[in-house]
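Morning, everyone. Please have the sequence and the model open while I talk.

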Amino acid sequence: MKNIVVKYGVYGFLTGLIIFTLHLTLGINNLDYSTNEILGYVSIFLSLSFIFFGIKHYRDKVNNGVVTIGKAIVIGLLISVLVGLGIAIADFIYTKLIDPSFFNNYEQMLIDQGKEDEIIKMTSATAAVFMLVLVTVIGFIISLLSALILQRKN
């Protein structure tokens, strides 16, 4: 199980790190915040798709075609933590090094739209932790759905 979590977790980690960095770096000046948010969620879901494939690989190639819901959720959750780390690192690098004014610009956009009540003070570190938690929660949901789809008992 450890090898599968590492293998598919690294695939998701790299996918999240690369896609999230690319969409932030290439799209931030040309796209509005709403479009960037949608692209962010797309990159999260693409990266988390490795959960399904990791559970399926475990079931079919390692465990003789059998996987329980509990084991599938554990595999998926561990993969999602690795994916979350990739996306959190990308977010941290972007907001700390590539565009340090990101949070100020975002706050100004909210003020311009009359949404001052939606402003939450963030730093690069808190945003990265938030992304890690968000991706892990979404990963848990995907793990549960994948477990229900892929479960097989003896």
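I'll go through salt bridges, then one helix, one serine and a surface patch.

First, the ground rules. This is a predicted model, where local features need pLDDT of at least 70, side-chain atom pairs count only at pLDDT 80 or more, and totals for chains, interfaces and linings use all residues. Residues are numbered from 1 along each chain as its sequence is written, and side-chain values use heavy atoms, with hydrogens and water left out.

Now, salt bridges. The term means a side-chain nitrogen of Lys or Arg within 4 Å of a carboxyl oxygen of Asp or Glu. Side chains of opposite charge can pair when their charged atoms come close. How many salt bridges does a search of the whole structure find? Three.

Start with Asp60 and Lys56. Their closest N and O atoms are 2.7 Å apart. Both residues sit in helix H2, residues 33-62. A word on that label: helices are DSSP runs of H or I with at least four residues, strands are runs of E with at least two, and numbering goes from the N terminus. Lys56 and Asp60 are four residues apart, about one turn of the helix. An α-helix has 3.6 residues a turn, so residues three or four places apart point the same way.

Next, Arg59 and Asp60. Their side chains form a salt bridge too, at 2.6 Å from N to O. Are these residues buried or exposed? Here are the cut-offs: buried is under 20% relative accessible area, exposed is over 50%, and partly exposed is in between, using a 1.4 Å probe and protein chains only. Arg59 is buried, at 6%. Asp60 is partly exposed at 30%, and Lys56 is partly exposed at 32%.

The other pair is Glu107 with Lys121, at 3.0 Å from N to O. This one links distant parts of the chain, 14 residues apart. Glu107 is in helix H4, residues 102-112, and Lys121 is in the loop between H4 and helix H5, residues 124-150. Glu107 is buried at 14%, while Lys121 is exposed at 66%. Back to the earlier residues for a moment: shared partners join Lys56, Arg59 and Asp60 into one network of salt bridges.

Stay with H4. Which of its residues are buried? Phe102, Phe103, Glu107, Met109 and Leu110. They line one face of the helix, because they fall within an arc of 155 degrees seen down the axis. That arc is taken from the directions from the helix axis to the C-beta atoms. The face turned away carries exposed Asn104 and Asp112. Cover for the buried residues includes H2, H3 and H5, counting contact as heavy atoms within 4.5 Å. Just after H4, Gly114 takes a positive phi of about 75 degrees.

Now Ser80, in helix H3, residues 69-98. Ser80 is buried, at 0% relative accessibility. Leaving aside residues up to four places away in sequence, Ser80 touches Leu48, Ile51, Val135, Thr136, Gly139 and Phe140.

Last, the surface. A nonpolar patch there has about 740 Å² of accessible area together, and Leu77 and Leu144 are among its residues. H5 gives the most to the patch, with eight residues. One of them is Leu144, found in H5 and partly exposed at 32%.

That's my tour. Questions, please.

How values were computed
Patches are made of residues with over 30% relative accessible area and no salt bridge: like charges are joined within 9 Å, nonpolar side chains (Val, Leu, Ile, Met, Phe, Trp, Tyr) within 5 Å. Accessible areas come from the Shrake-Rupley method with a 1.4 Å probe; for residues, only the protein chains shown count as cover.
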